[in-house]
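Me: Could you take a close look at one part of this model for me, the stretch where two neighbouring helices pack, and then work outwards from there? I would like one connected account.

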Amino acid sequence: MRKTARFALPVLAAALASCTGTTGGQGASSNAATPAAAKTADAPYASTYKAYPGMATAITNVTLFDGEGGKIENATLFMSDGKITSVGGPETPIPADIAVIDGTGKFVTPGIIDIHSHLGDYPTPSVAAHDDGNEATDPTTPEVWAEHSVWPQDPGFSRAMANGGITALQVLPGSANLMGGRSVTLKNVPATTVQGMKFPGAPYGLKMACGENPKRVYGSKGRMPSTRMGNLAVNRQTWIAAQEYKRKLDAGERVTRDLGMETLAGVLSGDILIHNHCYRADEMAIVIDMGKEFGYKVTAFHHAVEAYKIGDMLAREGVCSAIWADWYGFKMEAYDAIPENAAILHKRGACVVIHSDDENQIQRLNQEAAKAQADARRAGVDIPDATVISWITFNAAKAMGIDGMTGSLKPGKMADVVLWNGNPLSVYARPDRVWVDGALLFDANDPKRRPVSDFELGQPGEGDVK
Amino acid sequence: MRHFAKRAPKIFAALLLTVSAPAMAETVAIMGGTVVVGDGSAPMEGATVLIRDETIVAVGANVAVPADARVIRADGQFVTPGIVAGFSRLGLIEVDAVAGSNDATGGRSGFSASLDVAYGIDPSRNPIAINRSAGITRAVVAPNASNDIFGGLGAVIDLGSDASPITKRRAFLFVDMGEGGANAAGGSRMGSHALLRAKFREAQDYADGEDDFDDGLLRVEDARVLISAMNGDIPMMVHVEGATDIRQVLALKSEYPKLKLILVGVSEGWMVAPEIAAANVPVIASALNDLPVNFAMRGATQSNIGRMKDAGVIVAIGMIDDRDAHQLRYTPQYAGNLVALGRVPGATGLTWDEGMAAITSVPATIMGHGGKMGVLKAGARADIVIWTGDPLEISSTAEYVMIGGVEQPMGNRQERLRDRYLADDDGALPRAYRH
């Protein structure tokens with residue numbers, strides 16, 4: 001949780017501390033200790049994920065991108081007990097009795113992380129019965145949790161692993177609502193229950209949305225908001241209520257337990273991270289000010305197609321932009337999208353994360369990052385490969401609050417690792433092997449190391465290379 | 001527009017002033033490049049492409065270059081046919097979600113087969129210039145089918161910076177016989193197949209001058225188009241994904257033997273590839289579909305195109321319902337991904353040469369322009385791209401684009417926005433004054 005403290009504004013530090021001791025013993029109507037609910041270790045629906053068995057493995061003679069901007073040629077990576085044990089050059093010592101993979105001609109990266117996915121809550125098959133991402137019945141639904149929609153049998157999870165090397169992802173509610181609900185961070189491991197996928201210790205996020213979607217969805221129902229000013233008004237009114245709820249909690253006053261308010265109080269305490277869908281530069285600036293008005297900080301703007309227009313501001317405020325490489329033109333607020341969004345943000349020193357928001361592009365997030373790099377180069381901004389890899393590994397982990405555990409190949413971190421059969425920034429590269437917590441969960445050479453979801457079993461194409 | 005024309009003269013002047021052919025006779029020699037013919041053959045290093053006016057007149061290592069030819073050096077660079085987007089809605093849409101700028105769907109008009117994309121294509125729409133600068137030079141453009149199985153008439157267009165985008169009008173009739181078509185026809189395949197046959201029968205009645213022609217089922221304008229399709233004068237491009245749907249469509253040829261079928265989408269094509277090949281029906285397939293988006297796509301795999309190719313199917317890459325109005329620039333990346341499959345154990349992809357062909361000569365041939373489009377051969381239209389590197393690699397970009405012998409402007413609106421914001425803010429005046 002060291003991450004969340006960083007995101008809390010100083011003024012909230014005292015509040016954060018005081019919150020932790022407010023658990024009441026007064027029955028269902030008493031307060032529910034919001035911060036405790038926000039902290040995944042104590043939260044209900046807790047993760048039951050345990051690392052699968054792995055064997056001590058070293059990869060040698062490989063080109064290694066460490067996820068934090070480092071690159072080692074002719075590297076050795078040693079993992080054991082589910083952790084990265086050591087990383088270094090050819091001189092790195094490895095025990096004699098372990099499996100050694102010759103990585104000559106291959107590349108190693110941390111497991112790829114997608115900060116914006118709807119796998120599980122908009123799974124395939126994309127039938128109406130599976131539309132579980134938008135509780136589009138009220139413009140603010142901070143009470144819903146994406147994990148309660150996730151269908152673990154979504155075949156998209158295994159595609160993301162096999163073709164994209166995805167080892168962790170944040171599944172968010174959709175953007176119909178101003179406050180869409182809590183996100184959930186998952187390990188990309190096949191499981192029968194969502195609890196079996198939940199990333200242990202990952203903080204919650206709150207999905208918020210600016211702009212066209214909320215005002216369209218609710219305006220078309222003849223209710224507020226129907227304009228951008230309506231969006232802001234509803235948001236601010238809701239934050240005022242949240243502040244009051246939190247004030248009572250902090251003061252130890254009796255409150256009726258309210259799921260939505262628990263989430264919002266968790267945001268105000270700095271325990272729950274704001275992931276704000278927002279396209280236009282002018283709206284992002286307003287949202288930053290709204291955060292200041294109510295004492296919270298946006299962790300990342302998602303989609304953020306106009307982030308390049310306010311790169312200095314985003315760098316100054318320490319807000320990440322989780323963006324596509326090149327999507328544009330699908331709606332009015334995406335009209336000014338340019339493929340050099342990442343390039344300009346990088347040049348301004350702002351945090352860049354490449355995301356997918358897509359069940360297909362999550363399978364090639366490495367290629368999306370490579371596109372942004374190529375467009376940057378065309379604009380005269382040269383960005384090293386190792387930095388580009390950080391956009392889909394460490395930077396994503398940082399913005400999801402899990403960078404202390406994964407996102408880079410540093411000793412002691414989870415052994416979430418992808419071995420690629422070539423440079424992952426090339427169109428010709430594919431994952432050769434994928435480890436999650438040191439367990440080999442995909443091996444291109446072994447059809448038995450390829451997950452097949454229950455949905456696919458007994459169907460055309462079962463177990464195919466996909 | 002007036003506003004833009006003033007501010008972006010480089011981009012729009014050509015559009016306003018020129019037609020697709022060069023103003024005066026000119027001979028151009030592109031020399032020294034690694035020339036990819038586009039027909040699946042291996043690249044030729046250090047070759048010359050000789051162009052006279054809008055046509056390629058010679059290609060090879062030993063081409064005599066006339067003294068008056070304008071020479072463009074491409075030493076060590078790939079020189080390829082312009083990329084042909086095998087399926088798109090390019091030029092029909094500026095912003096998908098802005099109805100007034102979206103001309104892809106005409107179903108509510110009451111017409112169907114006669115809806116002609118030629119009236120909806122606007123070369124000033126920004127996706128044209130954006131995709132042109134990425135090396136896309138021609139595109140197959142289809143309408144959406146929404147309220148009927150028959151979406152209307154598609155076209156082949158060029159992406160040239162001029163006012164004449166249409167290469168071939170009424171190039172095909174677009175029909176949806178998959179889930180979408182079933183939905184449009186009352187909710188089932190029974191409905192879509194009944195509707196197709198009933199409309200064909202009515203069209204025949206109309207052609208035969210029968211008194212009982214029922215214009216409640218079929219308008220005269222639509223009937224005329226269906227007759228052309230039934231007679232094989234206009235190919236019928238049918239969207240299907242599932243193996244069973246594919247078989248049902250192939251079977252139409254036994255009832256309507258003159259139909260010239262083209263299949264598009266075809267995610268489960270690999271499961272019926274021998275039948276498609278035997279029917280000699282070409283396919284414009286989605287390259288990377290590998291998810292069971294619906295129950296007709298349970299067998300979807302990225303190996304689909306490679307397996308169909310191996311079974312003898314003529315198959316090009318298209319992007320139906322995949323950002324098909326904006327991101328045709330993904331086409332080379334998709335081909336590159338199929339090449340990548342060659343290194344994945346158990347997968348079937350394309351060779352690099354086949355991958356290039358699947359986005360140049362093959363779609364052109366399927367659309368009836370074999371030897372004239374999508375190839376660097378004598379007699380073909382001079383649609384040529386010079387690349388900074390391997391055209392299928394993400395790090396490469398188009399550096400020079402010629403369409404129909406005319407050198408194209410490489411700028412676009414996205415680049416203008418980029419340049420406005422790339423430079424540091426000097427604080428002297430707002431960025432609005434940078435143009």
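Reply: Happy to. Keep in mind that this is a predicted model. Let's begin with helix H6 (residues 228-250) of chain A and helix H7 (residues 259-268) of chain A, whose axes come within 9 Å and cross at roughly 80°. Angles of 65 to 115 degrees count as roughly perpendicular, and H6(A) and H7(A) are therefore roughly perpendicular to each other. On the H6(A) side, the contact is made by A:Ala241, A:Ala242, A:Gln243, A:Tyr245, A:Lys246 and A:Leu249. Facing them from H7(A) are A:Met261, A:Leu264, A:Ala265 and A:Leu268. By class, the residues of this contact split into eight nonpolar, one polar and one charged.

Stepping back along the chain from H6(A) brings us to a loop. A:Pro225 lies in it, between H5 and H6 of chain A, and the peptide bond that leads from A:Met224 into A:Pro225 is cis, with omega near 5°. That deserves a second look, since most peptide bonds are trans. Chain A has another cis bond to proline, joining A:Thr124 and A:Pro125, with omega about -5°. A:Pro125 sits in the loop between S6 and helix H4 (156-164) of chain A.

On the other side of the A:Pro225 loop is helix H5 (residues 212-219) of chain A. Six of its eight residues are buried, so H5(A) is largely enclosed by the rest of the structure. The buried ones are A:Glu212, A:Asn213, A:Pro214, A:Lys215, A:Val217 and A:Tyr218. Their cover includes strand S9 (205-209) and, bringing us back to where we started, H6 of chain A.

S9(A) also leads into the sheet. This is an open sheet of eight strands in chain A, in the order S6-S7-S8-S9-S10-S11-S12-S13, with mixed pairing. Strand S6 (112-117) and strand S13 (352-354) of chain A are its edges, each pairing on one side only. On average, neighbouring strands are turned by 25° against each other, direction ignored. Within the sheet, strand S10 (residues 273-278) and strand S11 (residues 298-303) of chain A run parallel and pair over five bridges. One of the links is between A:Cys278 and its bridge partner in S11(A), A:His303.

Now for the nonpolar interior. The largest nonpolar core has 269 residues, and A:Leu77, A:Val353, B:Leu173 and B:Leu263 touch the most other members. Helix H11 (residues 365-378) of chain A gives the largest share, six residues. Setting aside neighbours within four places in sequence, B:Leu263 contacts B:Val238, B:Val240, B:Ile246, B:Val249, B:Val281 and B:Val283.

The two chains also meet directly, with 43 residues from chain A and 42 residues from chain B in the contact. On the chain B side, helix H10 (331-340) and helix H13 (413-422) each supply at least two residues. That side has 21 nonpolar, 13 polar and eight charged residues.

Finally, two backbone details are worth checking. A:Asp437 has a positive phi of about 50° although it is not a glycine, and is found in the loop between strand S15 (431-436) and strand S16 (439-443) of chain A. With 26 C-beta neighbours inside 10 Å, A:Asp437 counts as buried. B:Asp53 takes a positive phi near 55° in the hairpin of S2(B) and S3(B), which has two residues between the strands. B:Asp53 is partly exposed, with 16 other C-beta atoms within 10 Å.

Definitions and conventions. Residues numbered from 1 in each chain as written. Chains lettered and ligands numbered in written order. Predicted model: local features only at pLDDT ≥ 70, side-chain atom pairs only at ≥ 80, totals over all residues. Axes fitted to C-alpha atoms, helices over the stretch in contact; angles between N-to-C directions. Helix = DSSP H or I, 4+ residues; strand = E, 2+ residues; numbered from the N terminus. Parallel < 35°, antiparallel > 145°, perpendicular 65-115°, else oblique. Contact = placed C-beta atoms within 7 Å. Nonpolar A, V, L, I, M, F, W, Y, C, P; charged D, E, K, R; others polar. Buried ≥ 20, exposed ≤ 12 C-beta atoms within 10 Å, placed from the backbone. Pairing = 2+ DSSP bridges. Core = buried A, V, L, I, M, F, W, Y, C linked by C-beta atoms within 7 Å.
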